[in-house]
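Trainee: Could you take me through one part of this model up close? I'd like to see how a run of neighbouring helices and loops is packed.

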Amino acid sequence: MAAIMYRGLQQGLKTTWALGKIIFPITLIVTILQYTPVLPWIIDKLTPVMGLLGLSGEAAVPLVLGNALNLYAGIAAIVSFEFTVKEVFILAVMLSFSHNLFIESAVASRVGVSWWLISGIRIGLALFAGVIINLMWNGGAELAEYGFISSSDSVPAGWGEIALQGIQTAVVAVVQLAAIVIPLMVIMQFLREKGWLTVLSNKFAPFTKVLGMEKNTSMTLVAGLTIGLAYGAGLMIQAVKEDGVSKRDMSLALIFLVSCHAVVEDTLVFLPLGIPVWPLLLIRLVTAIVLTMTIAFIWKRIDSKKGGEVIHEHSYNTL
């Protein structure tokens, strides 16, 4: 038992170090950028696009902060303005698909899938969802009631305090990562060596099969669905190394998870904003399933076609 815990602890520390080297600098840089002209410039450039999404110009603020930082930063920005229920719902759906973009996409790319592909899918889904909801929903014109959430008005005085806040935020982000990843890796090591991981994978296998993946991808999906991309990346990296998950299956798993990860937490955080959360959850789940199944089907057809061409060419050369 002690040996298993030691091996799990080693794996957890290695993973925390690998992911922390990504999370710390990005969190530090983006936190500092909030107090420079850079983010306001980006927001100003995005304001004309807001109209296409049925949003007012101020909605660019939570979208930029949510994508640059995390959902909590986006929500803090939402409560700083008066938005309608429809606007808040559109923002919630968009931020569910596309948040913490730099860190989550960078971490996910460690398993060998392109950062640009991951980011492109997430931004594309967010924009597509915003346009569709705006066109299809005519209600929600009343002002949203934000409940018990409040925004922070404290602004650091001077570059020293700004840098200190950036370092503190980055350190907290890495500590939170370690607090989740290390115990998780110890548990996963225990489950793996006791053979329970195989049992769980077999139970989840039918779902992964429907999505076009092999059953050894199941733990990657479970981790991403429950704890998200950034924290679940440790299991993904380990799955590629130890479980023999193919690049194709890992790509499909990430396509599913960029649409739908940390579904419980990422849905519940919007509850106090006075919007319906069940439709938010269903939109993410259905989008993830349909998108993954479609890409898996197209991928399989392309592979089959290539395989047929290779066989045909081999037969021709033989003749």
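Mentor: Here is a walk along the stretch from α2 to α7, with a stop at α11 at the end. Keep in mind that this is a predicted model.

Let's start with α2 and α3. Helix α2 covers residues 38–50 and helix α3 covers residues 60–68; their axes are 9 Å apart and the packing angle is about 125°. Angles between 115 and 145 degrees fall in the oblique class, so α2 is oblique to α3. The crossing itself is right-handed. On the α2 side, the residues that make the contact are Leu-39, Ile-42, Ile-43, Leu-46, Thr-47 and Met-50, and they meet Ala-60, Val-61, Leu-63, Val-64 and Leu-65 of α3. Sorted by class, that contact has 10 nonpolar residues, one polar and no charged ones.

Now α3 on its own. Nine of its nine residues are buried. Running along the helix, they are Ala-60, Val-61, Pro-62, Leu-63, Val-64, Leu-65, Gly-66, Asn-67 and Ala-68.

Step back to the loop between α2 and α3, and you find Ala-59. Ala-59 has 0% relative accessibility, and since anything under 20% counts as buried, Ala-59 does too. What does Ala-59 contact, leaving aside its neighbours within four places in sequence? Met-50, Phe-83 and Leu-91. Met-50 also belongs to the α2 side of the contact with α3. Ala-59 and Ile-78 are 19 residues apart in sequence, while their C-alpha atoms are 7.5 Å apart.

Ile-78 takes us to α4, residues 71–78. This helix is mostly covered, with six of its eight residues buried: Leu-71, Ala-73, Gly-74, Ile-75, Ala-77 and Ile-78. The cover over those buried residues includes α3, α5 and α12, the last of these being residues 263–268.

Ile-78 turns up again in the largest nonpolar core. That core has 87 residues, and those touching the most other members are Leu-55, Ile-78, Val-88, Tyr-146, Leu-254, Phe-270 and Leu-273. Tyr-146 is a good one to click on. Not counting residues up to four places away in sequence, Tyr-146 touches Ile-78, Val-79, Phe-81, Glu-82, Phe-83, Val-88, Pro-272 and Leu-273. Phe-83, you'll recall, is also one of the contacts of Ala-59.

Move on to the loop between α4 and α5, where Thr-84 lies. Is Thr-84 buried or exposed? With a relative accessible area of 18%, Thr-84 is buried, given that the cut-off is under 20%. Setting aside neighbours within four places in sequence, Thr-84 is in contact with Gly-140, Ala-141, Glu-142, Leu-143 and Ala-144.

Next comes α5, residues 85–97, and its partner α7, residues 115–136. Their axes come within 8 Å and cross at roughly 160°. Angles over 145 degrees count as roughly antiparallel, so that describes α5 against α7. This crossing is right-handed. From α5, Lys-86, Phe-89, Ile-90, Val-93, Met-94 and Phe-97 take part. From α7, it's Arg-122, Leu-125, Ala-126, Leu-127, Ala-129, Gly-130, Ile-133 and Asn-134. By class, this contact has 10 nonpolar, two polar and two charged residues.

Past α5, look at Asn-100, in the loop between α5 and α6. Its phi is near 45°, a positive value in a residue other than glycine. Asn-100 is also buried, with a relative accessible area of 13%. After that loop, α6 spans 101–108 and is mostly covered, with seven of its eight residues buried. The buried ones are Leu-101, Ile-103, Glu-104, Ser-105, Ala-106, Val-107 and Ala-108. Note that Glu-104 and Ser-105 are on that list.

One last stop, further along the chain: Ser-251 sits in helix α11, residues 247–259. Ser-251 is buried, at 8% relative accessible area. If you leave out residues up to four places away in sequence, Ser-251 touches Val-113 and Trp-299. Ser-251 and Ile-23 are 228 residues apart in sequence, and 22 Å separates their C-alpha atoms.

Methods. Residues numbered from 1 in each chain as written. Predicted model: local features only at pLDDT ≥ 70, side-chain atom pairs only at ≥ 80, totals over all residues. Heavy atoms only, no water. Axes fitted to C-alpha atoms, helices over the stretch in contact; angles between N-to-C directions. Helix = DSSP H or I, 4+ residues; strand = E, 2+ residues; numbered from the N terminus. Parallel < 35°, antiparallel > 145°, perpendicular 65-115°, else oblique. Left-handed = near helix turned anticlockwise from the far one by under 90°. Contact = heavy atoms within 4.5 Å. Nonpolar A, V, L, I, M, F, W, Y, C, P; charged D, E, K, R; others polar. Core = buried A, V, L, I, M, F, W, Y, C linked by side-chain atoms within 4.5 Å. Buried < 20%, exposed > 50% of the residue type's maximum accessible area, 1.4 Å probe, protein only.
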